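Subject: Structure for your review

Dear colleague,

Please find below the structure that I am handing over to you, together with its sequence. My findings follow directly after it.

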Amino acid sequence: MNDASTSPPRGRILVVDDQLNMRATVALLLRSKGYFVLEAATGEAALATLASTEVDLLLTDLKMEPMDGLTLLKKALEMAPRLQVIVMTAFGSIESAVEAVRQGAFDYFTKPFKDRELHYRVERALTQARLQSTVDMLIGELNERHGLSALVGHSPAMRELTSRLMRVAQSDASVLVQGESGTGKELVARAVHAHSRRKNKPFVPVDCAALSETLLESALFGHAEGAFTGAGPARRGLVEEADGGTLFIDEVTETTPAFQSKLLRTLQDGEVRRVGESTPVKVDVRIVAATHRNLEREVREKRFRQDLYYRLNVVMLRVPPLRERLEDVPALAEHFLERANAHRPKPKRLSSAAVEHLMGYSFPGNVRELENMVERAAALSQGEDLLPEDFLLSPSEPPQPPSRSQHRTRTDE
Ligand SMILES: Nc1ncnc2c1ncn2[C@@H]1O[C@H](COP(=O)(O)OP(=O)(O)OP(=O)(O)O)[C@@H](O)[C@H]1O
Ligand SMILES: [Mg+2]
């Protein structure tokens, strides 16, 4: 038998069959292929093993007494949702095997079977288990990176924002993130998702300002084959891509009233109609929208539909401009410098004079402007210490505009 503690097992398999012969044959074969194999003679014994031992794959007979294989499958998946299950069934009772697959088994095979077939199916299920655990790990890391820990700054204003964020993240309420350009609205939206029950499903951003109305519509809602000139084959839209997860509608004010009413309909009905298609598709998405504008004013001045405003603005998260929380500047500057230092053999340091200098600035481009300033100073400074003169705050040499596209430089606050 393999010793799981000394050599990394190729996979841990629990074989369940009330017929000793069959169980022993399968177990022997799998051990000879290098797997770590546990055995159980009943469903009850199998559940006890699963409760105490980590198992990657459950290989179970269907016809057993008193607990049958389907019941074992159901209980095992409740205990360990990531468990892969293969069911074995006697020739002629395929229906129950198909039912098992419908209820979450990965695969089935009929007895008697060839050694090669057993090995192939087991290896395939274990590959699936390994992929799944890699994906889980990556999603965990991603959520970690996009969670609250991504938001640097402990000023009272930021602490108030993060505590409000944590409370709304748990709910499924729509969130409106409002803040000037470069304040960190997208980071906030990602943190809402990363702390919600939807965190293992997609976070799908869509930038309304980057696309024309027609493109935005087909990007969001998808389209039927040949729905318009140049449409090509049918395509799922971003709303469908976000199913189960969060749709981040960035710069939501940069849209036409016609588009806004379509968006409202989608949100209200929980279904989306692809362009050129008459049958709607059900979707389950949580909406986080963002704007750098004063949305109340947009509504008052009839540029934004009031009904959509109410639908989006269930919870408002206001991201304060950096000038209202200058005490966050040192931590943010250190954070961006650390990032810039990552590619440098000799790290650069922030002098206290430089920090003081930065804290006297008003940052019209907010955190993004500070980020650009630190990167530039780190790239261009001569010495190891970054000095006040390495940061260009003077009006004669203004810092780079913080925005990515032209509409973002427009301010109406
Ligand atoms: N609190 C923060 N901690 C760390 N990085 C931040 C923070 N706030 C913003 N940033 C960084 O600043 C930059 C701008 O942030 P983000 O894109 O989220 O802003 P925005 O409000 O969406 O801007 P825009 O309105 O221009 O789209 C990003 O690189 C982001 O990583
Ligand atoms: Mg943004």
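In this predicted model, the centres of domain 1 and domain 3 are separated by 57 Å, taken over C-alpha atoms. The domain assignment of the protein places domain 1 at residues 12–141, domain 2 at 154–318 and domain 3 at 323–409.

The ligand site

Ligand 1 is surrounded by 19 residues, of which Val152, Gly184, Lys185, Glu186 and Val367 are the closest. Two or more residues of this shell come from each of α7 (185–194), α13 (329–341) and α15 (366–380). By character, the shell consists of five nonpolar, nine polar and five charged residues. Where does ligand 1 lie with respect to domain 2 and domain 3? Both domain 2 (154–318) and domain 3 (323–409) give residues to its shell, so ligand 1 lies between them.

The sheet with β4

One open sheet has five strands in the order β2-β1-β3-β4-β5, and their pairing is parallel. At its edges stand β2 (36–40) and β5; each has a single partner strand, so one side of each is left without a neighbour in the sheet. From one strand to the next, the twist averages 20 degrees.

Strand β4 (residues 84–90) deserves a separate description. Six of the seven residues of β4 are buried, so that the strand is mostly covered. Strand β3 (residues 57–61) runs parallel to β4 and is joined to it by five bridges. Two residues of β3 may serve as reference points when you view this pairing: Leu58 has Val85 of β4 as its bridge partner, and Leu59 has Ile86 of β4. The pairing of β4 with strand β5 (residues 107–111) is also in the parallel sense, over five bridges. Here Ala90 has Lys111 of β5 as its bridge partner.

Helices connect these strands in two β-α-β units. The unit made by β3, helix α3 (residues 69–79) and β4 is right-handed. The unit made by β4, helix α4 (residues 94–102) and β5 is right-handed.

The sheet with β6 and β14

Another open sheet of five strands has the order β7-β10-β13-β6-β14, with parallel pairing. Its edge strands, β7 (203–207) and β14 (315–318), each pair on one side only. Neighbouring strands in this sheet are turned against each other by 20 degrees on average, with direction ignored. Strand β6 (residues 175–178) pairs with β14 in the parallel sense over four bridges. Within this part of the sheet, Leu176 stands opposite Met316 in β14.

Leu322

Leu322 is located in the loop between β14 and α13. Is this residue, Leu322, buried or exposed? Leu322 counts as buried because it has 27 C-beta neighbours inside 10 Å, and the threshold for burial is 20 or more. Leu322 and Glu369 are 47 residues apart along the chain, and 9.8 Å separate their C-alpha atoms.

For your own inspection, I would suggest beginning with the shell around ligand 1, including Lys185 and Glu186, and then turning to the pairing of β4 with β3 and with β5.

With kind regards

Key
Residues are numbered from 1 along each chain as its sequence is written. Chains are lettered from A and ligands numbered from 1 in the order in which they are written. This is a predicted model: local features need pLDDT of at least 70, side-chain atom pairs count only at pLDDT 80 or more; totals for chains, interfaces and linings use all residues. A residue is near a molecule or strand if its C-beta atom, placed from the backbone, lies within 6 Å of it. Ala, Val, Leu, Ile, Met, Phe, Trp, Tyr, Cys and Pro count as nonpolar, Asp, Glu, Lys and Arg as charged, and the others, Gly among them, as polar. Domain bounds come from an automatic or database domain assignment. Two strands pair if DSSP finds at least two bridges between them. Axes are lines fitted to C-alpha atoms, for helices over the stretch in contact, and angles run from 0 to 180 degrees between N-to-C directions. A residue is buried if 20 or more other C-beta atoms lie within 10 Å of its own, exposed if 12 or fewer, and partly exposed in between; C-beta atoms are placed from the backbone. A crossover is right-handed if, with the strands pointing away from the viewer, the path from the first strand over the helix to the second runs clockwise.
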